[in-house]
Amino acid sequence: GSTWGDTTKCKPSAKVSVLQIHGDKDDAVYYKGGNLFGGTISYPGAVKTASIWAGYNGCDAKTEAGTKALDLDSSVAGSETDVIKHTGCPKGGDVELWTIKGGGHLPIPTAAFTSETWSFFKAHPKP
């Protein structure tokens, strides 16, 4: 997914933890961003989308790599998913980007997909 290219169109009333999972070969919502409706509406790419949410939540602009690659998409060999976390996020406002290298719009989930995403959501409940 993505968010508005025009950040004034989204005004969150509270912090929310965000898990952005995006295949870098997505041909529906481009990883690097794109346009909709004949080019009349632009949307930011996955990295920028995570950065925008980090800004809404009051996180640092800095990121750090996760401790390990994840195996989330059974259509791509190996541990194909890189994790990037924004630093300095307040409680209830963590932002992570999981990039499925070689992944398309919809991953074919592995067992790890379910356990890893559940672990994120369990660790980041909405108060």
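**Exercise 1.** In this predicted model, classify Lys-101 as buried, partly exposed or exposed from its relative accessible area, and then characterise its salt bridge.

*Solution.* Step 1: the relative accessible area of Lys-101 is 40%. Buried requires under 20% and exposed over 50%, so Lys-101 is partly exposed.

Step 2: the salt-bridge partner of Lys-101 is Asp-82, and the closest N and O atoms are 3.4 Å apart. This falls within the 4 Å limit for a salt bridge.

Step 3: Lys-101 belongs to the loop between E6 and H2, whereas Asp-82 belongs to strand E5; the pair therefore ties together parts that are 19 residues apart in sequence.

Step 4: Asp-82 has 30% relative accessibility and so also counts as partly exposed.

**Exercise 2.** Determine how many salt bridges a search of the whole structure finds, and place the one formed by Lys-68.

*Solution.* Step 1: the search of the whole structure yields 2 salt bridges.

Step 2: Lys-68 pairs with Glu-116, with 3.6 Å between the closest N and O atoms.

Step 3: Lys-68 is found in the loop between strand E4 (63-65) and E5, and Glu-116 in helix H2 (residues 111-123), so this pair ties together parts 48 residues apart in sequence.

**Exercise 3.** Identify the residues of the largest nonpolar core and the element that gives the most to it.

*Solution.* Step 1: the core comprises 11 residues, among them Cys-10, Val-18, Tyr-31, Trp-53, Cys-89 and Leu-97.

Step 2: two or more residues come from each of helix H1 (46-57) and strand E6 (95-100). H1 gives the most, with 4 residues.

Step 3: a second, separate core has 7 residues, including Leu-70, Trp-98, Phe-113 and Phe-120.

**Exercise 4.** Check the length of H1 against its expected span, and state which of its residues are buried and what covers them.

*Solution.* Step 1: at 1.5 Å a residue, the 12 residues of H1 should span 16 Å; the end C-alpha atoms lie 17 Å apart, which agrees.

Step 2: the buried residues of H1 are Ala-46, Thr-49, Ala-50, Ile-52, Trp-53, Ala-54 and Asn-57.

Step 3: their cover includes strands E1 (18-23), E3 (41-44), E5 (81-86) and E6.

Step 4: just after H1, Gly-58 adopts a positive phi of about 85°.

**Exercise 5.** Name the residues that make the nonpolar surface patch of about 300 Å², and classify Leu-36 by its accessibility.

*Solution.* Step 1: the patch is made by Leu-36, Phe-37 and Ile-41.

Step 2: Leu-36 is part of strand E2 (residues 33-36). Its relative accessibility is 36%, so Leu-36 counts as partly exposed.

Conventions: Residues are numbered from 1 along each chain as its sequence is written. This is a predicted model: local features need pLDDT of at least 70, side-chain atom pairs count only at pLDDT 80 or more; totals for chains, interfaces and linings use all residues. Side-chain values use heavy atoms; hydrogens and water are left out. A nonpolar core is a set of buried Ala, Val, Leu, Ile, Met, Phe, Trp, Tyr and Cys residues joined through side-chain atoms within 4.5 Å. Buried means under 20% relative accessible area, exposed over 50%, partly exposed in between (1.4 Å probe, protein chains only). The expected span of a helix is 1.5 Å times one less than its number of residues. Contact means heavy atoms within 4.5 Å. Patches are made of residues with over 30% relative accessible area and no salt bridge: like charges are joined within 9 Å, nonpolar side chains (Val, Leu, Ile, Met, Phe, Trp, Tyr) within 5 Å. Accessible areas come from the Shrake-Rupley method with a 1.4 Å probe; for residues, only the protein chains shown count as cover. A salt bridge is a side-chain nitrogen of Lys or Arg within 4 Å of a carboxyl oxygen of Asp or Glu.
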